[in-house]
Amino acid sequence: MSYTDGTDRTHTFYPVQPGSPQQPAYGILRDSTQATVALVLGIIALCSGLLFLSPVTWALGSQALAEIDAAPGTYSNRGMAQAGRILGIVGTALLALALASFALFFVAV
């Protein structure tokens with residue numbers, strides 16, 4: 001059986017569900033850029049010894065977690081935000097320890 005209008009009537013086609021700027025299309029989760037930046041900055045801070053970046057990493061990780069928790073089902077990288085936040089906490093603790101030992105060294109001398 002052939003149709004003159006060229007349509008295929010053996011399958012039912014549904015339109016693609018559009019997403020909005022706030023909510024992506026169904027089933028597609030986005031990555032939070034702040035979470036990625038927090039993780040990368042935390043790794044750089046601990047591996048290179050640039051511990052002054054750690055408080056920034058901690059703040060970015062916390063902001064990313066708040067953003068991800070505020071919009072459930074939108075972002076897929078909550079673990080990266082948590083890891084960045086933890087790296088920031090560890091780096092900040094090491095920075096505080098280094099500053100305390102530095103101050104103690106000059107007080108003792």
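## Overall layout

Read from start to end, the chain follows the pattern α-α-α. There are three helices and zero strands. The model is a predicted one.

The chain has 109 residues, of which 23% count as buried. Among contacts in the chain with a separation of 6 or more, 63% are accounted for by residues 24 or more positions apart. The chain exposes about 7,700 Å², and carbon and sulfur atoms supply 69% of that area.

## Helix α3 and its buried residues

Helix α3 covers residues 78-108. This helix has 31 residues and reaches 45 Å from its first C-alpha to its last, which is close to the 45 Å expected at 1.5 Å a residue.

The residues buried in α3 are Ala81, Gly84, Gly88, Gly91 and Thr92. The buried residues of this helix pack against α1 and α2.

Thr92 serves as an example from this helix. Its relative accessibility is 18%, and Thr92 counts as buried because the limit for that class is under 20%. Leaving aside residues up to four places away in sequence, Thr92 touches Ser54, Pro55 and Trp58.

## Aromatic residues in α3

A search of the whole structure finds two aromatic pairs. One is formed by Phe102 and Phe106, with an edge-to-face arrangement: the distance is 4.8 Å centre to centre, and there are 80° between the planes. Phe102 and Phe106 both lie in helix α3 and are four residues apart, about one turn of the helix. An α-helix has 3.6 residues a turn, so residues three or four places apart point the same way.

Phe106 is exposed, with a relative accessible area of 51%. Phe106 also forms an edge-to-face aromatic pair with Phe105, at 5.4 Å centre to centre and with 75° between the planes. Phe105 has a relative accessibility of 52% and counts as exposed, because the class begins at over 50%. Phe102, Phe105 and Phe106 form one aromatic cluster, with Phe106 taking part in the pair with Phe102 and in the pair with Phe105.

## The salt bridge

A search of the whole structure finds one salt bridge. Asp69 and Arg78 form this bridge, and their closest N and O atoms are 2.9 Å apart.

How exposed are Asp69 and Arg78? Asp69 is partly exposed, with a relative accessible area of 44%. Arg78 also counts as partly exposed, at 33% relative accessibility. Both are placed in that class because their values fall between the 20% limit for buried and the 50% limit for exposed.

## A nonpolar patch on the surface

Val40, Ile44, Leu50 and Phe52 make a nonpolar surface patch of about 350 Å². One of these residues, Leu50, lies in the loop between α1, residues 33-48, and α2, residues 54-70. Leu50 is partly exposed, with a relative accessible area of 34%. Leu50 can belong to the patch because patch residues need over 30% relative accessible area.

Technical notes: Residues are numbered from 1 along each chain as its sequence is written. This is a predicted model: local features need pLDDT of at least 70, side-chain atom pairs count only at pLDDT 80 or more; totals for chains, interfaces and linings use all residues. Side-chain values use heavy atoms; hydrogens and water are left out. Helices (H or I, at least four residues) and strands (E, at least two) are DSSP runs, numbered from the N terminus. Buried means under 20% relative accessible area, exposed over 50%, partly exposed in between (1.4 Å probe, protein chains only). Contact means heavy atoms within 4.5 Å. Rings of Phe, Tyr and Trp (its six-membered ring) pair if their centres lie within 6.5 Å; planes under 30 degrees apart count as stacked, over 60 as edge-to-face and the rest as tilted. Accessible areas come from the Shrake-Rupley method with a 1.4 Å probe; for residues, only the protein chains shown count as cover. A salt bridge is a side-chain nitrogen of Lys or Arg within 4 Å of a carboxyl oxygen of Asp or Glu. Patches are made of residues with over 30% relative accessible area and no salt bridge: like charges are joined within 9 Å, nonpolar side chains (Val, Leu, Ile, Met, Phe, Trp, Tyr) within 5 Å. The expected span of a helix is 1.5 Å times one less than its number of residues.
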